[in-house]
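Have a look at the fold below before reading on. We will then walk through its interior, its empty space and a handful of individual residues.

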Amino acid sequence: MGATVTVAIPVYKRLTYVAQAIQSVAAQDYPAIELIVSDNGCNGDAVINLVRANYPRPFVFRQNETPVPIVPHFNQLLAAATGHYFILLSDDDELAPGYITAMVRAFETHSDAAAVISRVEVIDEQNQVIGSTADRPLPPRLMSGPDWIRRWGYNQHKFVCFTTNLARTADLRAVGGYPDFDGGNGVDNALLVVLSINRSIIYCDDAIFRHRIYDTSFGKSVGVQSLARASRQFLAFLDQHPVLRAYAQQHPQDWVVCREAITHVIWTTYYGRWRQLYRGRERYIDWLKAGFALPFIPAYYRRALPEMFYSLPAIGPLARRRLAMR
């Protein structure tokens with residue numbers, strides 16, 4: 001029997017896909033799994049009944065008396081884990097068969113690495129695959145932390161998300177666990193940056209994580225103000241976390257490049273959602289104010305300011321077309 005892998009599933013109010021998430025863990029062929037399912041204080045006996053109905057092995061169930069914010073909930077699961085390795089699985093996502101076996105095997109091949117990331121398939125509400133890491137050139141199997149950060153930061157590969165990966169439980173705890181950004185936005189990215197900056201990342205194409213995206217999923221339902229606060233917190237985190245500060249002192253030139261790459265991810269993510277997702281949701285004046293929510297990042301404002309100008313009610317469609325042609 002190999003090292004125990006803790007798979008932790010935090011549950012809040014949405015129960016639609018919880019059974020499928022649990023079933024995907026039950027279908028794994030890895031022999032040593034500790035499943036922890038945590039109800040964030042909202043569902044009575046509903047969640048534990050779902051686990052009992054869909055998971056035939058022993059499991060751990062915990063339940064908060066009252067709900068806590070998302071990041072403390074994640075860190076409660078990390079504190080409760082007894083496995084050598086740790087995987088966080090959202091309650092609407094899935095692991096493909098063989099995921100854990102392939103990820104552990106990859107880690108054992110490069111035991112000095114910080115974490116293993118996998119192929120990601122984006123699925124919809126009907127379990128149909130609508131996107132994949134494989135839609136772009138695949139990353140190298142082994143990347144140094146700074147190399148991975150640059151590749152991720154400038155979108156050289158379709159990494160999609162890092163919510164679910166494999167890392168040593170002790171390493172995650174040693175760097176402080178999940179950082180407390182507003183609404184949990186970007187905490188998986190930030191944790192992986194800290195974990196890997198002095199080490200390496202393994203890409204395992206043999207393992208598939210299925211990430212579900214739909215209109216009320218976390219990524220699409222987050223509000224613009226929450227995303228803006230989390231974006232500012234992430235930027236501050238880059239200058240405040242002791243591991244990153246130490247790396248910046250020891251490798252100042254490399255850190256400048258890494259920090260620019262991470263900043264690029266933060267502002268392009270915010271800009272894309274502000275420009276498209278939030279424009280139709282927010283009142284015009286609130287949407288306009290949200291455009292100024294990030295600190296001064298020249299590249300961001302070079303994109304955002306023209307968008308604001310062309311959207312002004314006084315600038316009619318004909319004027320906008322004429323301005324665009326100049």
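What follows is a short tour of the model, from the cores outward to single residues.

A word on ground rules: this is a predicted model, where local features need pLDDT of at least 70, side-chain atom pairs count only at pLDDT 80 or more, and totals for chains, interfaces and linings use all residues. Residues are numbered from 1 along each chain as its sequence is written, and side-chain values use heavy atoms, leaving out hydrogens and water.

**The nonpolar cores**

Let us begin inside. A nonpolar core is here a set of buried Ala, Val, Leu, Ile, Met, Phe, Trp, Tyr and Cys residues joined through side-chain atoms within 4.5 Å. Buried means under 20% relative accessible area, exposed means over 50%, and partly exposed lies in between (1.4 Å probe, protein chains only). The largest nonpolar core has 65 residues, and those that touch the most other members are Phe86, Ile117, Trp148, Ile262, Tyr270, Trp274 and Tyr300. Helix 11 (residues 252-277) gives the largest share of this core, ten residues. Helices (H or I, at least four residues) and strands (E, at least two) are DSSP runs, numbered from the N terminus. Apart from this core lies another one of 36 residues, including Val11, Ala32, Val116 and Leu166.

Which residues does isoleucine 117 touch, not counting residues up to four places away in sequence? They are Met103, Met143, Trp148, Phe159, Phe162, Asn165, Leu192, Ile201, Ile202, Tyr203 and Cys204, where contact means heavy atoms within 4.5 Å.

**Two helices and their buried residues**

Helix 4 (residues 99-109) is mostly covered, with eight of its eleven residues buried. These are Tyr99, Ile100, Thr101, Ala102, Met103, Val104, Ala106 and Phe107.

In helix 2 (residues 46-54), the buried residues are Val47, Ile48, Val51 and Asn54. They lie on the same side of helix 2 because they cover an arc of only 140° around the axis, the arc being that of the directions from the helix axis to the C-beta atoms. The general background is that an α-helix has 3.6 residues a turn, so residues three or four places apart point the same way. Strand 1 (5-11), helix 1 (18-26), strand 2 (33-39) and strand 3 (60-63) are among the elements that cover the buried residues of helix 2. The exposed residues Arg52 and Ala53 sit on the face turned away from the buried side.

**Empty space inside**

On a 1 Å grid over the protein atoms alone, a cavity is a set of points where a 1.4 Å probe fits but cannot get out, and lining residues have an atom within 4 Å of a point. Grid points are joined across faces, edges and corners, and a volume is the space filled by probe spheres set on the points. By this rule there are two cavities of 30 Å³ or more. The largest cavity has a volume of about 100 Å³. Its lining consists of 13 residues, of which Phe162, Asn165, Leu172, Tyr178 and Leu191 lie nearest the centre. Strand 4 (85-88) and helix 7 are the elements that give two or more residues to this lining, and helix 7 supplies the largest share, four residues.

**Two buried glutamates**

Glutamate 121 and glutamate 94 each have a polar contact to another side chain. A polar contact is a pair of N or O atoms within 3.5 Å; within protein, one must be able to donate a hydrogen and the other to accept it, and residues adjacent in sequence count only if both atoms are side-chain atoms.

Glutamate 121 belongs to strand 6 (residues 115-123) and is buried, with a relative accessible area of 13%. Its side chain meets that of arginine 210 in a polar contact of 3.4 Å. Leaving aside neighbours within four places in sequence, glutamate 121 is also in contact with residues including Val129, Gly131, Ser132 and Ile208.

Glutamate 94 lies in strand 5 (residues 94-95) and is buried at 10% relative accessible area. The side chain of glutamate 94 makes a polar contact of 2.9 Å with the side chain of glutamine 20. Among its contacts beyond four places in sequence are Ser24, Leu89, Ile123 and Asn127.

**Three asparagines in loops**

The table places three partly exposed asparagines.

| Residue | Loop | Relative accessible area |
|---|---|---|
| Asparagine 127 | between strand 6 and strand 7 (129-132) | 37% |
| Asparagine 155 | between helix 5 (145-153) and strand 9 (166-168) | 44% |
| Asparagine 198 | between helix 7 (187-196) and strand 10 (200-212) | 46% |

Phi is near 70° in asparagine 127, a positive value in a residue other than glycine. In asparagine 155 phi is near 60°, again positive in a residue other than glycine. Asparagine 198 touches Val243 and Tyr247, not counting residues up to four places away in sequence. Asparagine 198 and serine 144 are 54 residues apart in sequence and 7.9 Å apart in space, C-alpha to C-alpha.

Key. 1 Å grid on protein atoms, 1.4 Å probe; cavity = no way out; pocket = protein on both sides within 12 Å on 5 of 7 lines; lining within 4 Å.
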